[in-house]
Amino acid sequence: TTTLVEQIQSKIIDNGPLQSCSMIDDYMKMITQDVFGLAAFSHDFGSCRNLQLSEFAEAFEAMEDDILDRCLNNTLLPQNLCYWIPTRRNREFLKHQKFLRTFLSGIVAERLLLLFES
């Protein structure tokens with residue numbers, strides 16, 4: 001924890017307080033992701049160590065933003081309801097979804113292998 005606090009302090013000094021305040025949301029996402037990864041999967045995403053959102057977090061955030069936008073704007077458009085319609089937006093969403101599923105499946109497979117080996 002001290003390392004994380006020192007890293008954030010260093011980032012605030014380097015970037016200035018105004019830019020750092022806008023990054024608080026990102027810092028909270030990094031902490032949440034790392035805690036969740038360690039608690040649920042015994043996997044360290046390394047976001048806090050690098051102070052940078054991991055590829056996993058970026059894909060998750062892109063899907064989250066897309067789902068919220070579909071729920072709040074133009075909710076009755078067929079392409080917002082049916083992800084299989086081949087639009088650029090749907091292809092991008094499915095790309096992120098495939099990445100997350102593959103990534104998490106790999107982590108679960110590793111954990112199961114370790115469990116059965118011991």
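These legends accompany close-up views of a predicted model.

**View 1. The largest pocket and its lining.**
Welcome to the largest pocket, which holds about 310 Å³ of space. Its lining is made by 13 residues, and those closest to the pocket centre are Lys29, Gln33, Phe56, Ala57 and Phe60. Three helices, H3 (24–41), H5 (55–72) and H7 (88–117), each supply at least two residues of this lining. Sorted by class, the lining has eight nonpolar, two polar and three charged residues.

**View 2. Helix H5 and what covers it.**
Here we follow H5, a helix of 18 residues. From its first C-alpha to its last, H5 reaches 26 Å, close to the 26 Å expected at 1.5 Å a residue. Look for its buried residues: Phe56, Ala57, Ala59, Met63, Asp66 and Arg70. Their cover includes H3, H7 and helix H6 (78–81). Two of these names may be familiar from the previous view, since Phe56 and Ala57 are buried in H5 and are also among the residues closest to the centre of the largest pocket.

**View 3. Two nonpolar cores.**
The largest nonpolar core brings together eight residues, namely Ile8, Met23, Tyr27, Met30, Cys48, Leu51, Leu53 and Ala57. A second core, separate from it, has six residues, including Phe56, Ala59, Met63 and Leu100. A nice detail to pick out is that Ala57 belongs to the largest core, whereas Phe56 belongs to the second.

**View 4. Asparagine 74, just past H5.**
Asparagine 74 follows H5 and sits in the loop between H5 and H6. Most residues other than glycine have a negative phi. Asparagine 74, although not a glycine, has a positive phi of about 50°. With a relative accessible area of 55%, asparagine 74 counts as exposed because that value is over 50%.

**View 5. Serine 42, between H3 and H4.**
Next comes another loop residue: serine 42 lies between H3 and helix H4 (47–50). Serine 42 is not a glycine, yet its phi is positive, about 55°. Is this residue exposed or partly exposed? Serine 42 is partly exposed, because its relative accessible area of 45% falls between the 20% and 50% limits.

**View 6. Serine 105 on helix H7.**
Our last stop is serine 105, found in H7. Its relative accessible area is 46%, so serine 105 is partly exposed. For a sense of scale, take alanine 39, which is 66 residues away from serine 105 along the chain. The C-alpha atoms of serine 105 and alanine 39 are separated by 16 Å.

Terms used: Residues are numbered from 1 along each chain as its sequence is written. This is a predicted model: local features need pLDDT of at least 70, side-chain atom pairs count only at pLDDT 80 or more; totals for chains, interfaces and linings use all residues. Side-chain values use heavy atoms; hydrogens and water are left out. On a 1 Å grid over the protein atoms alone, a cavity is a set of points where a 1.4 Å probe fits but cannot get out, and a pocket is an open set with protein on both sides within 12 Å along at least five of seven lines; lining residues have an atom within 4 Å of a point. Grid points are joined across faces, edges and corners, and a volume is the space filled by probe spheres set on the points. Helices (H or I, at least four residues) and strands (E, at least two) are DSSP runs, numbered from the N terminus. Ala, Val, Leu, Ile, Met, Phe, Trp, Tyr, Cys and Pro count as nonpolar, Asp, Glu, Lys and Arg as charged, and the others, Gly among them, as polar. The expected span of a helix is 1.5 Å times one less than its number of residues. Buried means under 20% relative accessible area, exposed over 50%, partly exposed in between (1.4 Å probe, protein chains only). Contact means heavy atoms within 4.5 Å. A nonpolar core is a set of buried Ala, Val, Leu, Ile, Met, Phe, Trp, Tyr and Cys residues joined through side-chain atoms within 4.5 Å.
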